[in-house]
Amino acid sequence: MKYLKWTSILIGTISVILICSGLYFVTQFSAVYPPMAKYHYSMNVMQLQKTIIDITNIQQNISYQLTDTVGSNENGFAYYMNVKIKDIDAEYEYTLKYNEEKKFWKQNTSSELDIISAFDNIHKTGGYKIEGKDVKKLIDIFENEIINKIEKNNTSR
């Protein structure tokens, strides 16, 4: 009798796990949010990375940290970077993802830059979704401090 009870509990647990796993893949539910903003550049990913690093090295109030690389030779790589922008009364922090854009008919000479998160660490606003408090303002700040300079550098090539 005890054996039958434990067997039915085990079968029930396995059934629940299988059903939940199936639902996860069918619904494609994930904790990853889509990027808040996307930018496209006609430079390869290493040129884009160098441009961002050059901007942060010139600006005393901007710093960066390379945080991760994911992917493979077959599927390409995505790179992650944190950028901090300090102001007199604010400290903004951004998580960026950048990768080569895949183009079937051309060589990979273009890159995509995504803003994954934006936070104001002093005022405790921002988030991972465009609907977050002050996220649009934070994206505007990032565009003024970084994106406009990347675009200026990209057009001067």
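Gln 49 is a good place to start: this residue lies in helix H2 (residues 45–58), where helices (H or I, at least four residues) and strands (E, at least two) are DSSP runs numbered from the N terminus. Gln 49 is buried, at a relative accessible area of 15%. Here buried means under 20% relative accessible area, exposed over 50%, and partly exposed in between (1.4 Å probe, protein chains only). Leaving aside residues up to four places away in sequence, Gln 49 touches Leu 66, Met 81 and Tyr 98, a contact being heavy atoms within 4.5 Å.

A word on the model itself. It is predicted, so local features need pLDDT of at least 70 and side-chain atom pairs count only at pLDDT 80 or more, while totals for chains, interfaces and linings use all residues. Residues are numbered from 1 along each chain as its sequence is written, and side-chain values use heavy atoms, with hydrogens and water left out. The mean pLDDT of the protein is 83, and 81% of its residues reach 70 or more; pLDDT is the predictor's confidence in each residue, from 0 to 100. Confidence is lowest in helix H1 (residues 2–27), with a mean of 67, and highest in S5, at 93.

**Overall layout**

The protein has 3 helices and 6 strands, and along the sequence they follow the pattern α-β-α-β-β-β-β-β-α. Of the 157 residues, 32% are buried. The protein exposes about 10,700 Å², with carbon and sulfur atoms supplying 58% of that area; accessible areas come from the Shrake-Rupley method with a 1.4 Å probe, and for residues only the protein chains shown count as cover. Among contacts between residues at least 6 apart in sequence, 50% join residues at least 24 apart.

**Strands and core**

Two of the residues that Gln 49 touches, Leu 66 and Met 81, also stand opposite each other, with Met 81 in S3. Strands S2 (residues 62–72) and S3 (residues 76–87) run antiparallel and are joined by 10 bridges; two strands pair if DSSP finds at least two bridges between them. A hairpin of 3 residues links S2 to S3.

The largest nonpolar core holds 31 residues, and those with the most contacts inside it are Tyr 94, Leu 113, Ile 115, Phe 142 and Ile 150. Such a core is a set of buried Ala, Val, Leu, Ile, Met, Phe, Trp, Tyr and Cys residues joined through side-chain atoms within 4.5 Å. Strand S1 (37–41), H2, S3, strand S4 (90–100), S5 and H3 each supply at least two residues of this core, and H3 gives the most, with 8 residues. Beyond four places in sequence, the contacts of Ile 115 include Tyr 39, Tyr 94, Ile 139 and Phe 142.

**Helix H3 and two loop residues**

Glu 145 lies in helix H3 and is partly exposed, at 22% relative accessibility. Its contacts beyond four places in sequence are Ile 55, Gln 59, Asn 61, Ile 62 and Ile 85. Glu 145 and Ile 55 are 90 residues apart in sequence, yet 8.9 Å apart in space, C-alpha to C-alpha.

Two residues other than glycine have a positive phi, as the table shows.

| Residue | Phi | Loop | Relative accessibility |
|---|---|---|---|
| Lys 124 | near 55° | between strand S5 (111–120) and strand S6 (125–127) | 71%, exposed |
| Asp 134 | about 65° | between S6 and helix H3 (135–155) | 32%, partly exposed |
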